[in-house]
Amino acid sequence: MEKGLTFQSLENKRDMTTANILDVISEEQIRDIIDIDAKIFPTMPIEEKEIRDTLKSRGVQILLKNLDSKTIGYIISLPHEDAYEFLSENDPNIIKEIGGLYIESIGILPEYRSLKNFNRLCSALVSEAQQRGFKKITAHVRSSEGLSEVLQKRFGALKFSTYDNWAGFNEPFDYLEILL
């Protein structure tokens with residue numbers, strides 16, 4: 001089942017999208033996420049099993065759809081404590097947070113990337129995380145593409161550290177927290 005909020009912008013059809021919070025996830029939606037992830041991260045896509053495990057968690061899962069109901073983006077997340085084992089392998093400063101929501105991955109197809117669509121996904125995540133009683137949102141976010149800066153400016157994210165080669169991605173990532 002999906003709950004959706006439609007946002008429209010007359011300036012650009014690319015920004016006429018709906019953010020859908022998923023309670024039940026279909027096989028088609030899982031395939032959409034896997035396909036988008038492979039297009040966005042062709043050299044290091046998330047393993048299908050990891051995506052499926054994240055989608056089964058108590059996290060907040062959101063799809064971004066265009067006017068034709070095509071999935072064009074997503075956020076997948078899981079409770080921070082459920083991600084702790086993996087996180088601790090890559091982040092020596094990480095602590096086991098109870099009540100936090102960890103963003104596993106965010107992706108928007110290149111032809112639909114815009115600040116409006118990114119904000120739409122993140123706003124839906126913040127709203128749903130608050131409704132479900134999470135106390136904060138945590139993430140390791142690429143700093144080279146400006147995503148870290150956007151989250152800091154638009155959502156009040158606090159930057160705690162920067163890693164030059166987070167999880168083998170060969171690029172810098174910031175560890176951020178958004179207090180809810």
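**Exercise 1. Burial**

Task: State what share of the 180 residues in this predicted model is buried.

Solution: Take the cut-off. Buried means under 20% relative accessible area. Apply it to the protein. Buried residues make up 51% of its 180 residues. Now turn to the surface. The accessible surface comes to about 9,100 Å². Carbon and sulfur atoms hold 50% of that area.

**Exercise 2. Overall form**

Task: Decide why the radius of gyration agrees with that of a compact globule.

Solution: Start from the chain length, 180 residues. A compact globule of that length would have a radius of gyration near 16 Å. The protein has 15 Å, so the two agree. Add the extents. The C-alpha trace spans about 45 × 35 × 30 Å along its principal axes. Then check the contacts with a separation of 6 or more. Of these, 61% join residues 24 or more positions apart.

**Exercise 3. Fold order**

Task: Count the helices and strands, then give their order.

Solution: The count is five helices and eight strands. Along the sequence they run β-β-α-α-β-β-α-β-α-β-α-β-β.

**Exercise 4. Glu171**

Task: Place Glu171, classify Glu171 as buried or exposed, and find the polar partner of its side chain.

Solution: Locate the residue. Glu171 sits in the loop between β7 (158–163) and β8 (173–179). Classify it. Its relative accessibility is 15%, so Glu171 counts as buried. Find the partner. The Glu171 side chain makes a polar contact with the side chain of Arg142 at 2.9 Å. List the surroundings. Beyond its neighbours within four places in sequence, Glu171 touches Arg142, Ser144, Tyr163, Asp164, Asn165 and Trp166.

Note on methods: Residues numbered from 1 in each chain as written. Predicted model: local features only at pLDDT ≥ 70, side-chain atom pairs only at ≥ 80, totals over all residues. Heavy atoms only, no water. Helix = DSSP H or I, 4+ residues; strand = E, 2+ residues; numbered from the N terminus. Rg over C-alpha atoms; globule rule 2.2 N^0.38 Å. Buried < 20%, exposed > 50% of the residue type's maximum accessible area, 1.4 Å probe, protein only. Contact = heavy atoms within 4.5 Å. Areas by Shrake-Rupley, 256 points an atom, 1.4 Å probe, with all protein chains shown as cover. Polar contact = N/O pair within 3.5 Å; in protein donor to acceptor, adjacent residues only side chain to side chain.
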